[in-house]
Amino acid sequence: MTLNREQQAVVDFDEGVLQVVAGPGTGKTEALVSRVVELLKRGNPPESIMIVTFTRKAAEEFEIRLLEKAQEKGVDPLGVYCGTLHSLCFSVMEEFGYEEVQKKKLLEDFGRRVLLYDLFKGRFSDFPHFFSFFFGDGWKGKEERQLFGKVETLIERISLYSPDLERMERSEDPAVREAAEIYRIYEDFLEENSFIDFNGIEKLFLEFLDTEIGEWFLSQINHLLVDEYQDTNPLDESIYFKIASRCKSFVVVGDEDQSLFSFRGATVKSFIKFEDRVKRKIGKPVSKVFLTKNYRSVKDIVDFLNYYINGFSDLKPERVRGKRKLVHRGPKGDGVRVEYLRKRDRKELAEKVADIVLFLKDGGLISKVSDAVLLVPSAKEEESSFVLNLKKELERRGIKVYNPRSRSFGRKKRSKKLLRLLDFVLRGDEGKLFDLNDDEKREIGRVKKDYDAGDTNLLEAYYRIASLLGYLESKDPEVLFDVSHLSGFISQFEGVYTKEELPKKFSTVFVPFVEGIDDPEIPPEFLPEDHFPVMTIHQAKGLEFPVVFVAVDWLKEEETERVNELVRPYVDGDVAELLPPPVDINTIKRKLYVAYSRAQQLLIILDGRRDVKKGEYSSIYPEGDERKRKAYRGDSEKLKLRELKFEDFTGRSLKGKPRLYSFTGDVVSFLICPKLYGFRKFYNFASSSAVQEWFGTAVHRTLRQVYIFFRRNGRLPSEREVEELFKTVCSSLEVAGVPRPEEERVKKALSVVKRFVEVKGEEFYRRVERAELPVSVKKEGFYLKGVIDVLLKGESGLEIWDFKSMKNPKRDGRERLLETYEKQLRFYSMILSDKGKRVERLVLCFLNEYLEKDPEAEEFFDPEEEDEFWSWVKGILKKIEECKSKNSWPFPEDPDVKTCKVCDFRFCCPKGRDIIQAT
């Protein structure tokens, strides 16, 4: 892709601060990726560049595009910091050995929310003035869920905005004093239990930056790039400004018109007032670039977007100075492409939309029904809602609908049944088994017996129940994602309570909490192509569709977050100026603008509100006036479906996006078991067997610390120093949420490390060229990456060593596994050969062998012909993509017995069941 002038200005920007204002569909990611590549071409080390994305998915997509463009330009991007802010904060502190982070245990989002709910659910009556502030005297009649929501929001806002708690505690307003008390209770709870949440990680990172090792980190970062800056918050900003004050360049990209996350504490004014705040807080001038050329939508849609977002007088003061209109550079397409449909009878409106969908599909304007989408503020299929009416109408006409967020997650039938049976495992009560047959009751009884005996944990018991009910054999991605999401919740729940606490906490805390949460989001690439999709507007951010329907049953024109009013008088003036007004009338306009701007070829806006008079103000319409809906065209011409022609539409698929593969995490895992790989990698099922994960990670990370110690000190650490390094690694694993196994396993891991250091000695470490070396390659449209454990200098080339925290598989006849690991080494050899390096030997090192009397620790191989090996790798990757496209992950024909014995899904696997019975 050739960059336009504005994109090139982003790439060429030299030193200083740059604000990039990027409208929808204007190629901001292409500009950012090209800038990073240009920085690398200028000789900047990868580790001097830091890119912050808003989501993990965005980080992965950025990494893929960066790898592709870097390879085209002959530079290596590996080592560039790229990720979400809190993940980068954590990984940097871990990398630089910051001891304070190793003293804490990280609370992931669900685990934190459950603990918070548990902490306050019996204490709401202690804070009458706080709740009266929101609900008046009727607060006692509110559901616990509503009261908890205010507590949760308060804690989030105080954490992000840092008000003066001591002043709040002295306030004359009892609601303010109680608000401060609520936060103190939470703060003390974290401290007493050595917990830390995501905001706490960011605050700790700020402290880290003021230390000597933090200074070392700051001295290496020369270029900071932040995406989606319109959804930053004051805590994020303080980190960015701290780093930027030392950087050669600081580039932020965003669009205030697309800010969506004020409900999470984001402050769009951080972007609107960016220039003034940078000048005031870090004393640097700000340059601006406006990306205005829209490559996504046809001209009529672009014209409509300009007219819509520029037509609200109350929005103008809340936009970046000098904001420019979008310019059409997208697909061709003449005539009317934006239309409003308004009907108070939602059934009639649903029939009209179904007519349009069928016309587009049968007429060949879209190749599949998933090329169209319905975007809504809420996807709940409530009685009489338009979403439910449309679903019934489409299904009546033979079109399946995909709406995974149609109901509250915990109130779905399968969720309730899984929770009920798991409650039986924890607490008994055979009345909970009322809908099971005798065989199922016997199996559930065995699960309970194993759990009570300590032979299985709660998550493994859950998988056995899900297997018994047949959910794990389902082909429906919604079913599998439901089971997967619940597995993650159970894993986090089990990680924050003792086994003795679990039975009571499960019924009184976990189940009530899960019943009230919404469905987690499902990645868009799992969208079934033969289904018509329904998404919330938030889910659709970053996506685009040929045809977009935006439907509104009701519209909340004002958003009022009164929690901010409690803390506003007590925050620093610099923060106070960022907070939204008490009554926010512009968030809804931005949300609708995001929805409207997803459309490539056709945008149809559906007004199904019943309680609004014609002509009444509504943000659905430009200038809030229904009469102005066509004014941007200067005529009253209507959409003529029969005259439509989608000239540049080629049926783009969300599934077609390239993916970054890891040889170990993808190729090797798929070879061992495609079913296990699919469940773990694509559906993200939680793992119940954390012992092996802990053991291997602890050994690998400690050996890396030994190498760093040797490089810094010119000698190997003493036995006592090895123990200290190991202790530090163990602490960091606890912070990351990896549970510590029984002490015998811990001692064995330390013994493995000590024995390896003793056997290999200084001669080995003097030959080490690199440790934990990241490598990557793009070949024939595939993107692959990996990490070489150790690269050694050989006699006439390099030796690649890969460590395995296990015994040699040959000892128990697992030659096939040995062959798989051998191919992993050949993959690394292929990449280094591509880069002009000569590899003379490949070594598999089985670390647990060093504790044996007659160790068989090392297996040696010679590099092989690259073309033949790549052909084999490509074949595996194609099989992975075929399985993904069909949503079908087969069981292995010849499974590895040891893997099957500890696999979470062995009870739904025919081979696994045979192995269970045999053992």
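In this predicted model, helices H6 (residues 128-135) and H7 (residues 144-161) cross at roughly 100°, with their axes coming within 11 Å. An angle of 65 to 115 degrees counts as roughly perpendicular, and H6 and H7 are therefore roughly perpendicular to each other. On the H6 side, the contact is made by four phenylalanines, Phe130, Phe131, Phe134 and Phe135. Helix H7 meets them with Gln146, Leu147, Lys150, Val151 and Leu154. Sorted by character, the residues of this contact comprise seven nonpolar, one polar and one charged.

A good next stop is strand E7, which spans residues 249-254 and is mostly covered, six of its six residues being buried. The cover extends to both faces of the strand. Ser249, Val251 and Val253 are buried on one side, and Phe250, Val252 and Gly254 are buried on the other.

Strand E7 also has pairing partners. Strand E1 (residues 16-22) runs parallel to E7 and is joined to it by six bridges; here glycine 16 stands opposite serine 249, a residue that is itself buried. Strand E6 (residues 223-226) pairs with E7 as well, again in the parallel sense, over four bridges. In that pairing, leucine 224 lies opposite phenylalanine 250 of E7, and Phe250 is likewise among the buried residues. Between the strands comes a helix to look for: E6, helix H12 (residues 234-244) and E7 together make a right-handed β-α-β unit.

Further along the chain, six strands form an open sheet with parallel pairing. Readers tracing the sheet across will meet the strands in the order E11-E16-E15-E12-E14-E13. Strands E11 (338-342) and E13 (400-402) stand at the edges; each has a single partner strand, so one side of each is left without a neighbour in the sheet. From one strand to the next, the twist averages 25°.

At the E13 edge, the partner is strand E14 (residues 531-536), which runs parallel to E13 and is joined to it by three bridges. Tyrosine 402 has proline 533 in E14 as its bridge partner. Helix H17 (residues 386-396) packs on this sheet and touches five of its strands: E12 (372-376), E13, E14, E15 (545-552) and E16 (599-607). The direction of H17 makes about 160° with that of E12. Edge strand E13 is thus in contact with H17 as well as being paired with E14.

Definitions and conventions
Residues numbered from 1 in each chain as written. Predicted model: local features only at pLDDT ≥ 70, side-chain atom pairs only at ≥ 80, totals over all residues. Heavy atoms only, no water. Buried < 20%, exposed > 50% of the residue type's maximum accessible area, 1.4 Å probe, protein only. Helix = DSSP H or I, 4+ residues; strand = E, 2+ residues; numbered from the N terminus. Pairing = 2+ DSSP bridges. Right-handed = clockwise from strand over helix to strand, strands pointing away. Axes fitted to C-alpha atoms, helices over the stretch in contact; angles between N-to-C directions. Parallel < 35°, antiparallel > 145°, perpendicular 65-115°, else oblique. Contact = heavy atoms within 4.5 Å. Nonpolar A, V, L, I, M, F, W, Y, C, P; charged D, E, K, R; others polar.
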